[in-house]
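I sat down with this model to look up a few things and keep short notes as I went. Here is the structure I had open.

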Amino acid sequence: MVPERTHRIHEVRAALLYKWGAFVSASKNFVEKDLEVSMAGRSFMITGANSGIGKAAAMAIAKKGGTIHMVCRNKDKAEEAKAEIVKESGNKEIYVHILDLSETKKVWEFAESFKKKYKTLNTLINNAGCMMTKREVNGEGLEKSFASNSLAVYILIKCLIPLLEKSPDPRVITVSSGGMLVQKLRTENLQSERGGYDGTMVYAQHKRQQVVMTEQIAKAHPNIHFSVMHPGWVDTPTIANTMPEFHSSMKERLRTPDQGADTVIWLAVSEAAVKNPSGRFFQDRQMVSAHLPLAWTHSSQLEDQKFMSAMEELAKSFQPH
């Protein structure tokens, strides 16, 4: 990584940990009644639901009576997590769907099949994330982290919109990251083919792409409440495995998965959440700016449209006929 860039991202992480890491302090302003709701009769799709933030969200919503569709890559880990959720929540309406989000055609096939099999989906939670240490491509020739973090999210949202729109109180929540604050939307080189490959910065770019996607799709579908959020820096397997130095130095200040999942759950179940405008960025149950003060990270309307057109074209090229 370029030294200046390394310094910049560590500086932002430190600022975020200082500003946003104090979950206990932030939680003093939470309205606990917001989460005192029953989700019986409502269904939730959660990607990456077998560990970390996704599992914590699945557990909390299951305890409220919601039907959970766990979309996971590893069958053994998914079934183990499901058994734990069923046991602790007493809710048997927990379903496992095995899917590797980096396999684009399979993402389309899964979403189309789900749409045919199930009559409703109230909430889609795009939680799964992929951070690579080196550039790898999938069998379709797509860079794996882009396929998982950006294209899969785009396809799931676009394909499931008809199902969401005919369901009561539909919502789409995407788990982003504060790392995107150091990234401006990139409309070229989407698959990191040119230049050096820095997995942390590539991941941060994908998280910026998720923010722009959320803003743009929300405008086109006003009947669905869209939101994107930063969970704080959370002690998850992804952070430990891909950012070991950051993890070891900051471990005592990282949030627990339950703390990281709090705003996901609030956005998914509370009436208070949907009183906020659709398409916005959230942290600790508050709508916040998706850019640092005086930041260079704002993209133009033309750039946003160019990006969305590129995503649509790429997604369609892998759509089963």
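**Notebook: salt bridges, rings and a helix**

I began with D169, which is partly exposed at a relative accessible area of 32%. I then looked for its charged partner and found R171, which forms a salt bridge with D169, the closest N and O atoms being 2.8 Å apart. R171 itself counts as buried, at 1% relative accessibility.

A reminder to myself before going further: this is a predicted model.

**Entry: more on charged pairs**

How many salt bridges does a search of the whole structure find? I got 13 salt bridges. As general background, side chains of opposite charge can pair when their charged atoms come close.

I looked up R285 next, and its salt bridge is with D262, the closest N and O atoms being 2.8 Å apart. What does this pair tie together? R285 lies in the loop between β7 (280-283) and β8 (286-288), while D262 lies in helix α10 (residues 257-269), so the salt bridge ties together parts that are 23 residues apart in sequence. Are R285 and D262 buried or exposed? R285 is buried, with a relative accessible area of 6%, and D262 counts as buried too, at 11%.

Then I checked for shared partners. Salt bridges that share partners join R42, D169 and R171 into one network, so I went back to my note on the bridge between R171 and D169.

My last charged pair was K144 with E136, a salt bridge whose closest N and O atoms are 3.7 Å apart. K144 is partly exposed, with a relative accessible area of 26%. E136 also counts as partly exposed, at 29% relative accessibility.

**Entry: aromatic rings**

I searched for ring pairs and found that the structure holds 3 aromatic pairs. For F110 and F114 the ring centres are 6.0 Å apart and the planes are at 45°, so this pair is tilted; the tilted class covers angles from 30 to 60 degrees. Where do these two residues sit? Both lie in helix α5 (residues 104-117), 4 residues apart, which is about one turn of the helix. The general rule is handy here: an α-helix has 3.6 residues a turn, so residues three or four places apart point the same way. F110 is buried, and F114 is buried as well. I also noted that ring pairs link F110, F114 and Y118 into a cluster.

**Entry: helix α3 and K55**

I moved on to α3 and tested its length. With 12 residues at 1.5 Å a residue, α3 should span 16 Å, and its end C-alpha atoms are 17 Å apart, which agrees.

How many of the residues of α3 are buried? I found 10 of its 12 residues buried, so I call α3 mostly covered. The buried ones include G52, I53, G54, M59 and I61. What covers them includes β1, β2 (67-72), α4 (75-89), β3 (94-98), β4 (123-126) and α10. Just after α3, G65 takes a positive phi of about 95°.

K55 is found in helix α3 (residues 52-63). Leaving out residues up to four places away in sequence, which residues does K55 touch? It touches G48, A49, N50, A81, E84 and I85. I picked A81 from that list for a distance check: the C-alpha atoms of K55 and A81 are separated by 7.3 Å, with the two residues 26 apart along the chain.

**Entry: strand β1**

Since β1 is among the elements that cover α3, I looked at it too. β1 is mostly covered, with 5 of its 5 residues buried. Both of its faces are covered: S43, M45 and T47 are buried on one side, and F44 and I46 on the other. β1 pairs with β2 in the parallel sense over 5 bridges, and the bridge partner of T47 in β2 is V71.

**Entry: confidence**

I finished with the pLDDT values. The protein chain averages 90, and 87% of the residues score at least 70. Where is confidence lowest, and where is it highest? The lowest mean is 50, in helix α1 (residues 3-20), and the highest is 99, in strand β1 (residues 43-47). Over residues 17-21 pLDDT stays under 50, and there the model has 16 contacts beyond four places in sequence.

Notes
Residues numbered from 1 in each chain as written. Predicted model: local features only at pLDDT ≥ 70, side-chain atom pairs only at ≥ 80, totals over all residues. Heavy atoms only, no water. Contact = heavy atoms within 4.5 Å. Phe/Tyr/Trp six-rings, centres within 6.5 Å; stacked < 30°, edge-to-face > 60°. Buried < 20%, exposed > 50% of the residue type's maximum accessible area, 1.4 Å probe, protein only. Salt bridge = Lys/Arg side-chain N within 4 Å of Asp/Glu carboxyl O. pLDDT = per-residue confidence, 0-100. Expected span 1.5 Å × (residues − 1). Pairing = 2+ DSSP bridges.
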